[in-house]
Amino acid sequence: ICSDGLVDALADAAIGETTVDRSGNPTCVRSVICMSSNGQGISWNVNPNGLYNGTNNVRRVQWRSNPLNLGYKPEYPFTLIQGAGGAVSIGIDSKDNLWVVQRSQVGIDSISKFDASGKRLLTLGDSVVGHFHKAHGMNVDANDNAYFSDQSGAVIVKVSPDGKKLGEIGTRGKRGDWDEAKGQRLLWDPVSIAFDPRNGDMYIGEGHGAESPNDRQSGDPQNTSGAARVIRLDKDGKFIHQIYGNMMGAGHFWQAHDLAIDPTNGDLWIGDREEYRIVIYTNSGEYKKTLQMRNLVCNISFDPKTGDPWIGTGLDSQFLRLDRDGKVLGVIGNGPGGGEGQIGETGYIRWDSKGNMFAGSTTQARVVKWVAPQNQR
């Protein structure tokens, strides 16, 4: 028996004229266990009786710090692509240049690169990288190449520092399992990318929980796992191992929304967003511990100056400085909204060489530069 709300959801088209993700991939939008939003912004409530993931609910926890924002000052020096959507992810290279990827419709550019002063260096779109049906995480390697994940397109695109497409990981439009023994190098639901600062190893996080494709019983022999996972490659693209999130008990993770590598020991930190937790594995791939948090864990990063771990709390709209046991030591961000120091939904956290913190907003077309106290005039 279907509820009235579910019947209404089934009658609505999942893809409309202004829908960003027009790939036609079966995302999790037709069940009461899925989110009300399809992940393209908090207004895209295509499943009225679904889980709200924080929208229209009581805010979970808002933190305060003294001094305000730990003394960091918000600035907005970057003018993003007009007509494109939220700045879902960013990356910073060795020269402090900033890459930004926005979610955009077909024909509208999605990638920008700026210098440290905010001057636009280049703009890229469908003609160079192909259309991103649902852009998600991005990052920059030690050689200043930029990598962009297309969650619905099941591919990661590699771009040179001067904006040339260098290749892809996965097969565009073909979701599936990575099976090295068979020479099958497919991605399922790539959402996050991290690099080990010590050796350049690349980590790819797959699985977005209630937004991930329902593929486990699809009948496709190349796509049978249906579980969140992390794939590790060396700097030359050679497969090392993968970690699955569907194990019972300790070490379980429902999604790999963001990844970060602890620079002190190479531990892998996995942001399991809706489960409010960080799951930590050793560099060799052994489960270490789980940190239960009081907020969504949407983004994870390590401050390269201090070594401290930080998380972004999504629609709670704050950035939390932690110790390695998950204790909150301080906070940046004035809560949800569009005012100074506010943010709609925290994007991926990056740092420049001077210790300033940068983050986009999945629901807003802007990037905030949090200027560290020592860099303020």
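## A four-stranded sheet

Two strands count as paired if DSSP finds at least two bridges between them. With that in hand, let's look at this predicted model, where four strands form an open sheet in the order β16-β17-β18-β19, with antiparallel pairing. The edges of the sheet belong to β16 and β19 (287-292); each has a single partner strand, so one side of each is left without a neighbour in the sheet. From one strand to the next, the twist averages 20°.

Strand β18 (residues 277-281) pairs with β19 in the antiparallel sense, over five bridges. If you would like to find this pairing on screen, look for Arg277, which stands opposite Gln292 in β19.

## The largest pocket

Now for the open space. The largest pocket has a volume of about 1,100 Å³. It is lined by 45 residues, and the closest to its centre are Asn139, Val140, Asp141, Phe195 and Pro197. By type, the lining divides into 20 nonpolar, 10 polar and 15 charged residues.

Which strands supply at least two residues each to this lining? They are β6 (135-140), β9 (165-170), β12 (190-195), β16 (258-261), β20 (299-302) and β24 (346-351). The strand that gives the most is β9, with four residues. Notice that β16 turns up again here: this strand of the pocket lining is also an edge strand of the open sheet.

## Salt bridges

Across the whole structure, a search finds 22 salt bridges. One of them joins Asp93 and Lys113, with the closest N and O atoms 4.0 Å apart. This pair links distant parts of the chain, 20 residues apart: Asp93 lies in the loop between β2 (87-92) and β3 (98-102), while Lys113 is in strand β4 (residues 111-114). Are these two partners buried or exposed? Both Asp93 and Lys113 are buried.

Asp179 and Lys182 give another salt bridge, again with 4.0 Å between the closest N and O atoms. Here Asp179 counts as partly exposed, because its relative accessibility is 26%. Lys182 has a relative accessible area of 64%, so this residue is exposed.

## A linked network

The side chains of Arg273 and Glu211 also meet in a salt bridge, at 3.9 Å from N to O. These partners are 62 residues apart, with Arg273 in the loop between β17 (268-272) and β18, and Glu211 in the loop between β13 (202-206) and β14 (229-233). Both residues, Arg273 and Glu211, are buried.

This pair belongs to a wider set: Lys134, Glu211, Arg273, Glu274 and Glu345 are linked in a network of salt bridges.

Conventions
Residues numbered from 1 in each chain as written. Predicted model: local features only at pLDDT ≥ 70, side-chain atom pairs only at ≥ 80, totals over all residues. Heavy atoms only, no water. 1 Å grid on protein atoms, 1.4 Å probe; cavity = no way out; pocket = protein on both sides within 12 Å on 5 of 7 lines; lining within 4 Å. Points joined across faces, edges and corners; volume = space filled by probe spheres on them. Nonpolar A, V, L, I, M, F, W, Y, C, P; charged D, E, K, R; others polar. Axes fitted to C-alpha atoms, helices over the stretch in contact; angles between N-to-C directions. Buried < 20%, exposed > 50% of the residue type's maximum accessible area, 1.4 Å probe, protein only.
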